[in-house]
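Subject: Structure for your review

Dear colleague,

Please find below the structure that I am handing over to you. I would be grateful if you could keep it open while you read the notes that come after it.

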Amino acid sequence: MGETRVDLQHLLEDLRDAYTGELEETILTEIAANALDSGATRIRLRTSPADATLIVVDDGRGMQRRDLARYHDVAASTKSRGEGIGFAGVGIKLGLLVSSAVVTETQRGATHVATRWHLASRYRAPWKWIPPPGLTSARGTAVQLQLTNPLSPLLDAGYLDQAIRVHFEPLLDPTFDDLLRRHYTQGIEFEVDGQPVARGVPSVRDRTTIPIRMGRRRIPSAIASLELHDAALPDDRQGIAISTFGKVIRRGWDWLGVTPTMPTRITGLIEAPDLAACLTLSKNDFIRTGTRGATYLAYRRAIQEVVSRQLKAWGDARDADVRPRTVRLERDLERVLEDLADDFPLLRSLVDHRAGGQKRLPLPGKGPERVPGPLFANMPAAEGPDGSNHPDTSSPEEGAMPAEDVLPADPEPPPVERNPGDPRPRENGDVGGAGDQLASPIGTLSTVPGRRRPARYGLLLQFESRPGDPELGRLVESTIWINEAHPAYTRATASRSIGYHIALTVALSLAALVGAADEHAFITQFLAHWGGADGAKRVRKERGKRSARG
């Protein structure tokens, strides 16, 4: 018999608070995610309201006896960052908070063992070996929660079905089957009280599916499914969801940094299997620093491009002058953050200023050099005035990161020989058209005239209307959302002092990152550096003019 001798309840409560959803929802989601990590192809949920028990059975790899013993240590895990979509068996461990007992049975090869675990007090969580109750079949793991609340939503089959649909939506939508089959070769089945969770494509008038190819890949790296509805959606369906290996990680508009004019009517889902390597250790968010953070940001930029173009196609786009009027401000503010990053280290993640200078991104511009053009999505070609299709060579949003910097590129394929009169061969997801410009192989980058310009990795400014909100703005990811419904914003616009208002908004939004003790010093230094940025630009411009005359 073993026993966990730590302040287990405190640790479990901290784990619970790390998730934004309901506790019961987190328990269910994490148990299912760990089952998927174990190679399960079928996950069955059985409720018994009369006995107040929930049983979850999978046909995964199961555990050895020593692994099952170790799993009773709340801090133990056989996984590391970048592996899987479940965190350290946290679903079962959080089950201690809502159960009088947790029975775990596992079968792997000749090993067939079971334990009973419960939270006896704040500091004691004894467990013991018990004879296997026969919950599993040939192999896999079964978990039985003896719930303390006979009215727990975990005993409601409808609740379980809906939670599975919300958190594992890509596994139930045939749109993502081909993409996910590389990881789940036999597919995934969910079953609640003997009834399979139905699969299918939602019936929506305006629904579009867009493959996203990163770098030189021929096969999609991600798939976006976007929907426009005629009426407002429920709160939990609004916005864009991002998932990896079939598990939804984030949902909404804030994480993406894009806000349509009618956000309540638009929903969507993007499945990106490669982002599993970018998950935090708790598997409920993405890393934003280092190499893995760069990969996540590259995908985020690609998704922004896809969603923005589709919103424009639906006629739901913000005013075209909003973005250009903030580019210069963003450059000034980024210089300020670079200057302050040494004094306030938490700002470094926003500027990504690395030794040797920042990375460079090829963007279309003036000059004879041929550089890669827009690379993110296999979007339909734009129709020209002559009725023919031409590739969309619009410049990607400045600051977009080339995916090939973080993802391996496939070797350049040999050119395809064909007669001048032959039609261009098509491949899955390819959009054909006339002209030699479209003859590049699928997944490679077309080129456009231009020269290389430095990429920016830092802060983005966006505008939103939040009437009644006393805050001037808020920081979400690497985007500061400026509240244009605030009376101070209206006054600043009327008095032509909008630049100072935005700088002050940025300073106040970022102050929370530096800690309460340093907030005043940060705001004063920020505004001082911002005030000097315009003078520094004039000096550089004058030097450039003098050198040109010389």
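The notes below begin with the chain as a whole and then turn to one sheet and to the aromatic rings.

Please bear in mind that this is a predicted model. The protein chain has 550 residues, and 50% of them are buried. It contains twelve helices and 22 strands. Among the contacts in the chain with a separation of 6 or more, 70% are between residues 24 or more positions apart. The accessible surface of the chain is about 26200 Å², and carbon and sulfur atoms account for 51% of this area.

One sheet may serve as an example of how strands are arranged. As general background, the strands of a sheet pair through backbone hydrogen bonds, in either a parallel or an antiparallel way. The sheet in question is open and has three strands in the order E20-E22-E21, with mixed pairing. Strands E20 and E21 (473–476) are at the edges and have a single partner strand each, so one side of each has no neighbour in the sheet. On average, neighbouring strands of this sheet are turned by 25° against each other, direction ignored. E20 pairs with strand E22 (residues 479–483) in the parallel sense, over five bridges. Glutamate 464 is found opposite asparagine 483 of E22.

The aromatic rings come next. A pair of such rings is described by the distance of the centres and the angle of the planes. The structure holds eight aromatic pairs. In one of them, the ring centres of phenylalanine 463 and tyrosine 489 are 6.1 Å apart and the planes stand at 65°, so this pair is edge-to-face. Phenylalanine 463 belongs to strand E20 (residues 460–464) and tyrosine 489 to helix H10 (residues 487–494), so the pair ties together parts that are 26 residues apart in sequence. Both phenylalanine 463 and tyrosine 489 are buried.

A tilted pair is formed by phenylalanine 522 and phenylalanine 526, with 5.7 Å from centre to centre and 50° between the planes. These two residues lie in helix H12 (residues 519–549), four residues apart, which is about one turn of the helix. Phenylalanine 522 and phenylalanine 526 are both buried. Ring pairs also join Phe344 with Phe522 and Phe526 in a cluster.

Finally, there is a ring with a charge over it: the charged end of arginine 65 sits over the ring of tryptophan 129, 4.0 Å from the ring centre.

With kind regards

Technical notes
Residues numbered from 1 in each chain as written. Predicted model: local features only at pLDDT ≥ 70, side-chain atom pairs only at ≥ 80, totals over all residues. Heavy atoms only, no water. Phe/Tyr/Trp six-rings, centres within 6.5 Å; stacked < 30°, edge-to-face > 60°. Buried < 20%, exposed > 50% of the residue type's maximum accessible area, 1.4 Å probe, protein only. Lys NZ or Arg CZ within 6 Å of the ring centre and 35° of its normal. Contact = heavy atoms within 4.5 Å. Areas by Shrake-Rupley, 256 points an atom, 1.4 Å probe, with all protein chains shown as cover. Pairing = 2+ DSSP bridges. Axes fitted to C-alpha atoms, helices over the stretch in contact; angles between N-to-C directions.
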